[in-house]
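Hi,

Here is the structure I promised to pass on to you. Please open it alongside this message, and my notes follow below.

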Amino acid sequence: MTVSPLSGKRILLLIGGGIAAYKCLDLIRRLRERGAAVRAVLTRAGSEFVTPLSVSALTEDKVYSDLFDLTDEAEMGHIQLSRDADLLVLAPATADLIAKMATGRADDLASTVLLATDTPVLAAPAMNVRMWQHPATQRNVNQIERDGVTLVGPNEGSMACNEYGMGRMAEPMEIVAAIETAFSVPHRPLAGRRIVVTSGPTHEPIDPVRYIANRSSGKQGHAVARAAQMAGADVTLISGPVSIEDPPDVTMVRVETAQDMLAAVETALPADALVMAAAVADWRVVERQEDKIKKADGGVPHSIALTENPDILATVGHAGARRPRLVIGFAAETQNLLENAGAKLRSKGADWIVANDVSPEGGVFGGDRNTVRILHANRVDSLPTQSKDAVAAHLVERIDAFFNGIDTAASLESDPK
Ligand SMILES: Cc1cc2nc3c(=O)[nH]c(=O)nc-3n(C[C@H](O)[C@H](O)[C@H](O)COP(=O)(O)O)c2cc1C
């Protein structure tokens, strides 16, 4: 048995005031047969065509109608209604509802929900042919399409008003197919965002054949870049020397030293977010030798003077106007994980620090799994041990939530700091 792409999806159906509203009753049945959960908002005019009781019986949920219903607002506010849905379906999309969407009006529950959401919207227009052809409606339809609304229909055919032409609402199964298509299009919440990710170690040359390095494989940083790209972001990945593949469709900048990496990060700004997953060497050699250093006579090892590398995270964290809105550092620690990562958060001007324990028994460096904690100014969120890809996907979800002003802490296990 094939599982429907609608299985487990949450659909908010907004029913407008048109004759075709009766088709929504069948639509609800079809969606539920496919495993979708359907919640409905019925406009005042919509309730002239179908009763709240029929809709409620078919959705097996209460029907929402009134923007100013105190009980509804306490139980499930108008903002929450749209946030709790994977897709908003407007059917029938009357000329009036389309006009409200095109002009950003919000004078009832349905139009307010439609304005207060960034969840994708599918609209099934239905109206008399002359209403559909009216330049005002055509202007409004063009506008909502430009705003990202997907349309299904209308179709040509005979109408309830005894006229013939364009304006019949798409049939329930056509709407189901359009909804399935909407769910098969990849969700790209970070489209339009520029994200810079650093990854891998840096190599600090001692002489032409030797260098100071660390055990970072670049797997976590590359996974973050890949996840951000898949979420639609325009990603620049600045990587130290690694032996793993480049993620597809990101702008790759290859660097060797910490100084190169700082220069590359500064060139890549401005950006909406910077994720510093690279394990940047803290020190470099004061004087890099042009020729290979020879073994000293008498077996006394050559001494190497070190100097501190620039602190890329702190430089960007305190970069004033050029600072990305979101700056995320990584802290690889072998002891006192939370104390050290917390100190890093405060001193470097980062918004979050992703702290991981890289003591040898953890197998994090080079391994495929990671156990991280995400430190914020006022709390620590602990994530379960999971693949580096899953850590990356989780981080990208949080980045998306940050840009939408949502605090993800409530849904996660947190330790008070
Ligand atoms: C019998 C009848 C049928 C209607 N059918 C439609 C229709 O199919 N499409 C439409 O856009 N408006 C139709 N209207 C007009 C809408 O009901 C009216 O514009 C209403 O304000 C729309 O409310 P809404 O924004 O809640 O959809 C119809 C009105 C009546 C009285």
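Just after helix 14, G405 takes up a positive phi of about 70 degrees. Please keep in mind that this is a predicted model, so I can only tell you what the coordinates say.

Helix 14 itself covers residues 388-403, which makes 16 residues. From its first C-alpha to its last it reaches 23 Å, close to the 22 Å expected at 1.5 Å a residue. Its buried residues are K388, V391, A392, H394, L395, V396, R398, I399 and D400, so the list has K388, R398 and D400 in it alongside V391 and L395.

Helix 10 makes a nice companion to look at next. It runs over residues 219-230 and has 12 residues; the reach from first to last C-alpha is 16 Å, close to the expected 16 Å. This helix is mostly covered, with 11 of its 12 residues buried. Among them are K219, H222, V224, R226 and A228. What do the buried residues of helix 10 pack against? Their partners are helix 14 and four strands: strand 9 (194-199), strand 12 (234-239), strand 14 (273-276) and strand 19 (369-370). Helix 10 also has a glycine with positive phi just after it: G232, at about 100 degrees.

Now for the cores. The largest nonpolar core holds 57 residues, and I195, V197, V224 and A228 have the most contacts inside it. If you centre your view on V224, you will find that it touches V197, V275, A277, A392 and L395, leaving aside residues up to four places away in sequence. A second core is separate and has 54 residues, including L58, I98, A126 and I179. In soluble globular proteins, nonpolar side chains tend to be buried together.

The domain assignment gives domain 1 as 10-184 and domain 2 as 194-415. The C-alpha centres of the two domains lie 46 Å apart.

Last comes the ligand. Which residues are closest to it? They are G16, G18, T43, A45 and T94, out of 16 residues that surround the ligand. Helix 5 (residues 95-103) gives the most to this shell, with 3 residues. By class, the shell is made up of 9 nonpolar, 6 polar and 1 charged residues.

Happy browsing, and do write back with any thoughts.

Best wishes

Terms used:
Residues numbered from 1 in each chain as written. Predicted model: local features only at pLDDT ≥ 70, side-chain atom pairs only at ≥ 80, totals over all residues. Near = placed C-beta within 6 Å. Helix = DSSP H or I, 4+ residues; strand = E, 2+ residues; numbered from the N terminus. Nonpolar A, V, L, I, M, F, W, Y, C, P; charged D, E, K, R; others polar. Core = buried A, V, L, I, M, F, W, Y, C linked by C-beta atoms within 7 Å. Buried ≥ 20, exposed ≤ 12 C-beta atoms within 10 Å, placed from the backbone. Contact = placed C-beta atoms within 7 Å. Domains from an automatic or database assignment. Expected span 1.5 Å × (residues − 1).
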